[in-house]
Amino acid sequence: MDHYQTLGVSRDADANEIKKAFRKLAMKHHPDKGGDEQQFKNIQQAYETLSDPQKRAEYDNPNPFSGGDPFGQGSPFADIFGDIFGRRARPQVNPDGMIDVTISMLQAYQGTSLVVNTGYSTLDLTIPQGIDNGAKLRLQGQGPQRIADIPPGDLIVRISIMPEKDWGRERKDLFKRAEVDVLDLITGCNVTITHLDGKNYELKIPPGTQPGQKLRMSGLGMIDPNGTIGSLNIIIEGYVPTIKTDTDIEVLNNIKRKYGKQIYR
């Protein structure tokens, strides 16, 4: 089987031409769309070889012993050299595949189920609660099957989590910014915190809380593989209200005088 003929490209085709040809043929012959499964496997094998510079070079310039290794299995020299150097022929295995899946922080918090297309199959993927950015899931036997007579390899699913505005994460702890009126920071108050899942929680702001201070809400973070739940940490950001009446400003000035602060005139 000539990989170049399979993809319908010339031997001097560049990576871009090879990719375009593969996408066109893969769409046409994909088994899910009624295409021929063996033809699809041939197309995939051709692309995997020609899209990899090293594999393509080896394909274009094959090993002179590729037709029959004089020291391979079945050779009278195989056992001798194997005993001397401790070598044995490696069993053939199908390679592992890898795909990238992007989820939201809410999906990471709650866990989720997705349907993913690997390029050679469609499968249901369960993502556990609390999964971290960059984590990898291994699905046994769901990888590519370049060699038809042996089981397929595993599929590695690499997880990426999209950033969420005003939210952050450090392992199992979550962080959220909350803007609070500085007058409320002075006197203390209760504020409503809306979590990723839309649930509301009341947070008590103690009198004298400073901007930049972090207040912890236990048990509202991510869950880790051991079943331990982290905290939701609220980072306080103060904002100054607009006070326009002379009476109100004088009340505040009297408070400033009481604490020895300079009065603006």
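**Strand pairing, core and surface of the predicted model**

In strand β11, I236 stands opposite A178. The model discussed here is predicted. The wider pairing joins β7 (residues 173-181) to β11 (residues 232-239) through 8 bridges, and these strands run parallel. Strand β11 also pairs with β10 (residues 214-217), here in the antiparallel sense and over 4 bridges. Within β10 and β11, R216 faces N233 as its opposite residue.

The largest nonpolar core holds 49 residues. L7 and V101 touch the most other members of this core. Beyond its neighbours within four places in sequence, L7 is in contact with I18, A21, F22 and L25. The contacts of L7 also include I43, A46, Y47 and L50.

A nonpolar patch lies on the surface. It is formed by V251, I255 and Y259, which together have about 320 Å² of accessible area. I255 belongs to helix α8 (residues 246-258). This residue is partly exposed, because its relative accessible area of 45% falls between the 20% and 50% limits.

Two residues stand out by their backbone angles. Most residues other than glycine have a negative phi. D166 is not a glycine, yet its phi is positive, at about 70°. D166 sits in the loop between β5 (155-161) and β6 (167-170). Its relative accessible area is 34%, so D166 counts as partly exposed. R171 likewise has a positive phi, near 55°, and is a residue other than glycine. R171 is found in the loop between β6 and β7. With 64% relative accessibility, R171 is exposed.

Key:
Residues numbered from 1 in each chain as written. Predicted model: local features only at pLDDT ≥ 70, side-chain atom pairs only at ≥ 80, totals over all residues. Heavy atoms only, no water. Core = buried A, V, L, I, M, F, W, Y, C linked by side-chain atoms within 4.5 Å. Buried < 20%, exposed > 50% of the residue type's maximum accessible area, 1.4 Å probe, protein only. Contact = heavy atoms within 4.5 Å. Patch = residues over 30% accessible without salt bridge, like charges linked within 9 Å, V, L, I, M, F, W, Y side chains within 5 Å. Areas by Shrake-Rupley, 256 points an atom, 1.4 Å probe, with all protein chains shown as cover. Salt bridge = Lys/Arg side-chain N within 4 Å of Asp/Glu carboxyl O. Helix = DSSP H or I, 4+ residues; strand = E, 2+ residues; numbered from the N terminus. Pairing = 2+ DSSP bridges.
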